[in-house]
Amino acid sequence: MAFVGTVLILEAYARLAGRVIDPERMGQLVPLAHAATASALALFAVGVASSLLQIRRTARGASLGRRKPGVLATLGEPLLRKHGIRMFTISFLLYYLVFAVLSGSLIVRPGEDFTQVYEAAVPSVQVSLCCGPPGSIPQYSIYIAQGLGLLVLPGNLLLALSISLLSALSVTVSLASFMTPRLAVGGAGSAGVAGAMGVLASCTTCASQAILVFFLGAGALGVAAALWPWQAPLAVATIGILLAALWAQGRWTARLRTSCRPSRATPAVPRPR
């Protein structure tokens, strides 16, 4: 329910901002924009925390014999140990950093003067209140220093956090389990495909456009424009791929552990003479 509430908040703000066209009334959207962003992030955090706690609770019950080992128990088992939590945290931070750079959320341009190029005071925060599809507004341009800044869109931020969390959990399970190389490579491949789709879904006009230029040359602008209406489906497909990969990974790991358990020796039946 928390994740549904997050989507509804962003949808409601986008519709309300689209109706406020009068520049004199635009200032009234500032507190509403901050409240909508904070509420969406808070609900998302509640949803993530409750999901992780449920996974850990299931894993703990399975370890104590109260529950039958299953996919959720397999995924949550590494989070019962400090080493697993440390791996999960490090993987999450690394994934989020890479995704932020590729999607253009983290802007690092050494030698560029933001004040001269964008006429923005440094440090400062500028807010774009209207207009756009749900998740793309409000848009926060944070100028931390010359050549260093953040471009924060609620939808992109939530997508980056979701992909980083799911990928980190997949990596943690892979490192903590005795998976075969074939299964590990398969899980990494699924995460890679989902990550590439996530970059295209997060910002088809920022760093992902630079990637398209590298492969497609002059046709990158047309591809980026064509992908713009498909941002929401791409985002949903990204999360779906990662969830499916995680579920399959949990099933594979659970089956491997079941097959590797030593079976009880059956007593020999004497043959009749």
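In this predicted model, the side chain of Ser-136 reaches the backbone oxygen of Pro-133 at a distance of 2.6 Å. Ser-136 is found in the loop that runs between strand 2 and strand 3. With a relative accessibility of 11%, Ser-136 counts as buried, because the limit for that class is under 20%.

The loop that holds Ser-136 offers further points of interest. Ile-137 and Pro-138 are joined by a cis peptide bond, for which omega is about -5°. Pro-138 has its place in the loop between strand 2 and strand 3, the latter covering residues 139–145. Cys-130 also lies in the loop between strand 2 and strand 3. The relative accessible area of Cys-130 is 22%, and Cys-130 is therefore classed as partly exposed. Leaving aside residues up to four places away in sequence, Cys-130 touches Ala-17, Gly-18, Val-20, Met-26 and Ile-137. Cys-130 thus has a contact with Ile-137, the residue that enters the cis bond to Pro-138. A further relation links Cys-130 to Arg-15: the two are 115 residues apart in sequence, while their C-alpha atoms are 9.8 Å apart in space.

A second cis bond is found on the other side of strand 2. The peptide bond from Val-122 to Pro-123 is cis, with omega near 0°. Pro-123 is placed in the loop between helix 6 (114–118) and strand 2 (124–128). The loop between helix 6 and strand 2 also contains Glu-119. Phi of Glu-119 is near 55°, a positive value in a residue other than glycine. Is Glu-119 buried or exposed? Glu-119 has a relative accessible area of 70%, and Glu-119 is exposed because the threshold for that class is over 50%.

Strand 3 can be approached through Ser-141, which has its place in that strand. Ser-141 has a relative accessible area of 17% and is therefore buried. Which residues does Ser-141 touch, not counting residues up to four places away in sequence? The contacts of Ser-141 are with Ser-124, Val-125, Gln-126, Leu-150 and Leu-151.

The description now turns to the chain as a whole. The protein chain has eleven helices and four strands. Of its 273 residues, 37% count as buried. Among contacts in the protein chain with a separation of 6 or more, 67% are accounted for by residues 24 or more positions apart.

Helix packing comes next. Two packed helices are described by the angle between their axes and the distance between the axes. Helix 1 (residues 2–19) and helix 3 (residues 29–63) pack at an angle of about 165°, and their axes are 8 Å apart. Because angles over 145 degrees fall in that class, helix 1 and helix 3 are roughly antiparallel to each other. The crossing of helix 1 and helix 3 is left-handed. On the side of helix 1, the participating residues are Ala-2, Phe-3, Gly-5, Thr-6, Ile-9, Leu-10, Tyr-13, Leu-16 and Ala-17. These meet Leu-29, Leu-32, Ala-33, Ala-36, Ser-39, Ala-40, Leu-43, Phe-44, Gly-47, Val-48 and Ser-51 in helix 3. The residues of this contact between helix 1 and helix 3 divide into 15 nonpolar, five polar and no charged.

Val-4 is likewise found in helix 1. The relative accessibility of Val-4 is 46%, and Val-4 therefore counts as partly exposed. Val-4 and Phe-44 are 40 residues apart along the chain, and their C-alpha atoms are separated by 9.0 Å.

Helix 3 also packs with helix 7. The axes of helix 3 and helix 7 (residues 154–176) come within 11 Å and cross at roughly 15°. Since angles under 35 degrees count as roughly parallel, helix 3 and helix 7 are therefore assigned to that class. The crossing of helix 3 and helix 7 is right-handed. Helix 3 contributes Thr-37, Leu-41, Phe-44 and Val-48 to the contact, and helix 7 contributes Pro-154, Leu-157, Leu-158, Leu-161, Ser-162 and Leu-165. The residues of the contact of helix 3 with helix 7 divide into eight nonpolar, two polar and no charged. Phe-44 and Val-48 take part in the contact with helix 1 and also in the contact with helix 7.

Technical notes: Residues are numbered from 1 along each chain as its sequence is written. This is a predicted model: local features need pLDDT of at least 70, side-chain atom pairs count only at pLDDT 80 or more; totals for chains, interfaces and linings use all residues. Side-chain values use heavy atoms; hydrogens and water are left out. Helices (H or I, at least four residues) and strands (E, at least two) are DSSP runs, numbered from the N terminus. Buried means under 20% relative accessible area, exposed over 50%, partly exposed in between (1.4 Å probe, protein chains only). Axes are lines fitted to C-alpha atoms, for helices over the stretch in contact, and angles run from 0 to 180 degrees between N-to-C directions. Angles under 35 degrees count as roughly parallel, over 145 as roughly antiparallel, 65 to 115 as roughly perpendicular and the rest as oblique. A crossing is left-handed if the near helix is turned anticlockwise from the far one by less than a right angle, and right-handed if clockwise. Contact means heavy atoms within 4.5 Å. Ala, Val, Leu, Ile, Met, Phe, Trp, Tyr, Cys and Pro count as nonpolar, Asp, Glu, Lys and Arg as charged, and the others, Gly among them, as polar. A polar contact is a pair of N or O atoms within 3.5 Å; within protein, one must be able to donate a hydrogen and the other to accept it, and residues adjacent in sequence count only if both atoms are side-chain atoms.
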